[in-house]
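Q: Could you take a close look at the largest pocket of this model, and then say what surrounds one residue elsewhere and how the cysteines are placed?

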Amino acid sequence: MEALEKFLGSLSGIVWGPWLLVLLVGTGIFLTFRLAFIQVRLLPYSLKQVFSRKHDKKAEGDISQFQALMTAMAATVGVGNIVGVATAVVLGGPGAVFWMWLAGFFGMATKYGEAILAVKYRTKDANGQMAGGPMYYLEHGLKARWLGVSFALFGTLAAFGIGNGTQSKAVADAMNMNFNTPYWVTGLVLMVVAGAVILGGIKSIGRVAAFFVPIMALFYFIAGAIIMITNFDLVPSAFATIFSYAFGIESFAGGAVGAAIRFGIARGLFSNEAGLGSAPIAAAAARTDMPGRQALISMTQVLFDTLIICSITGITIVMSGAWQDEGAEAGTLTAMAFGTFFGDAGQYIVGLGIVFFAASTIFGWAYYGEKCFQYLFPNPKLLKFYRLVFVVVVYFGATATLDVVWLFSDVMNGLMAIPNLIGLLGLSGVIVAETRRFQNKIKEEKEAELAAVPAVNSSND
């Protein structure tokens, strides 16, 4: 078993090596330029669409555009937003936060491209529900079914580890550390809650995510905002530290800049999953009239996840100075940072953040894994079996230590990105064409609104 664990650890290092990070960021840069910086040009419009239900009432789909976004947010806002960012700072220094921001900025274009293809090439399954994601645009768009099968296989396997076992274990660890709750109790409660949500399918997951995710994200954001407002004098110096370490102006052991770039980008991408191909599976379920509209909404996921929530963690760590403690570990660094400003309450804030974030990830990834499994095995009867097994694994993940399984899942998670990125690059022309079509639609809608204004005014006269 030790030999297998060592082999998987080495394989994970290769899969998640610099070449994949370059490909992930490079795809984001490529799409950013091809789409003329769409994440800047249409960001105000996309934020407006997040909270609008004007266009999804009569369109095809299983859940609202907002619920689709929250389902994707549920899957991506996880332990990586707290522990992952702390790991980046420990291994790469404060400068890693800047490179995390940069990865998030270009990742917005990647997320947009994934979502627009997912909606364009989605189909209806045997149950009459929407089915979409990389496997479908790889098969129907790129005409490469073998790549679709590869993605679905990697996604199905990854869901049980990255989206299930590791998250339930994080919840159990946090509950045991903060409230001395036995692991089996947490596992049992989490399994029951997950079962109640997951067994109901995407509509149940969407409803819970739409209620649960905004609350948990707002809770963490308010805690971070209080720290920054009440200690505003530390904010400028924190940003100065981040930028100075990002470019090697300050020394932070050998190869400081390289470490900051590598771990900042890696943890940023791990957190928002831009390029991995997971989130577009949720986007495909949205009720939307055009692919471009849901794509713009999906794009904001990276903004909320990396550029806001992860930033709260990173800036707080730098402000506190806890990162300078040579004995600090990534698993406790964020709690130490919040404890600097909130005292003992800081540990509980971070602990509850981990519980909420990790639990929500289980819900989102249950749907991702389900759709990947369904692509491989279309028989509707097998779907119930998959959901049941997924729920049971929640309990075992919380109570057992299965490092080999999690390492294997980590490898599968990285391998998902390869076929997905091939699809994004190969279908970039389709992404551009759909974007132009939607921009024309936006123009028509604005002209219609302007034409309606004089009519309203004249009727009032």
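What follows is a description of the pocket, then of one helix residue, then of the cysteines.

A: The model is a predicted one, and its largest pocket holds about 980 Å³ of space. That pocket is lined by 41 residues, and those that lie nearest its centre are Val79, Gly80, Val83, Thr166 and Ala170. Several helices give two or more residues to this lining, namely H5 (65-76), H6 (83-92), H9 (145-179), H13 (256-272), H16 (330-342), H17 (344-376) and H19 (403-426). The largest share of the lining comes from H9, which supplies nine residues. Sorted by class, the lining of the largest pocket is made up of 17 nonpolar residues, 17 polar residues and seven charged residues.

Turning to a single residue, Val391 is found in helix H18, which spans residues 380-399. Val391 has a relative accessible area of 7%, and it therefore counts as buried, since the cut-off for that word is under 20%. Leaving aside residues up to four places away in sequence, Val391 touches Met191, Ala194, Gly195, Ile198 and Leu199. Val391 and Val197 are 194 residues apart in sequence, yet their C-alpha atoms are 9.8 Å apart in space.

As for the cysteines, the structure holds zero disulfides. Cys310 is buried, because its relative accessibility is 0%, and Cys372 is likewise buried, with a relative accessible area of 1%.

Technical notes. Residues numbered from 1 in each chain as written. Predicted model: local features only at pLDDT ≥ 70, side-chain atom pairs only at ≥ 80, totals over all residues. Heavy atoms only, no water. 1 Å grid on protein atoms, 1.4 Å probe; cavity = no way out; pocket = protein on both sides within 12 Å on 5 of 7 lines; lining within 4 Å. Points joined across faces, edges and corners; volume = space filled by probe spheres on them. Helix = DSSP H or I, 4+ residues; strand = E, 2+ residues; numbered from the N terminus. Nonpolar A, V, L, I, M, F, W, Y, C, P; charged D, E, K, R; others polar. Buried < 20%, exposed > 50% of the residue type's maximum accessible area, 1.4 Å probe, protein only. Contact = heavy atoms within 4.5 Å. Disulfide = S-S within 2.5 Å.
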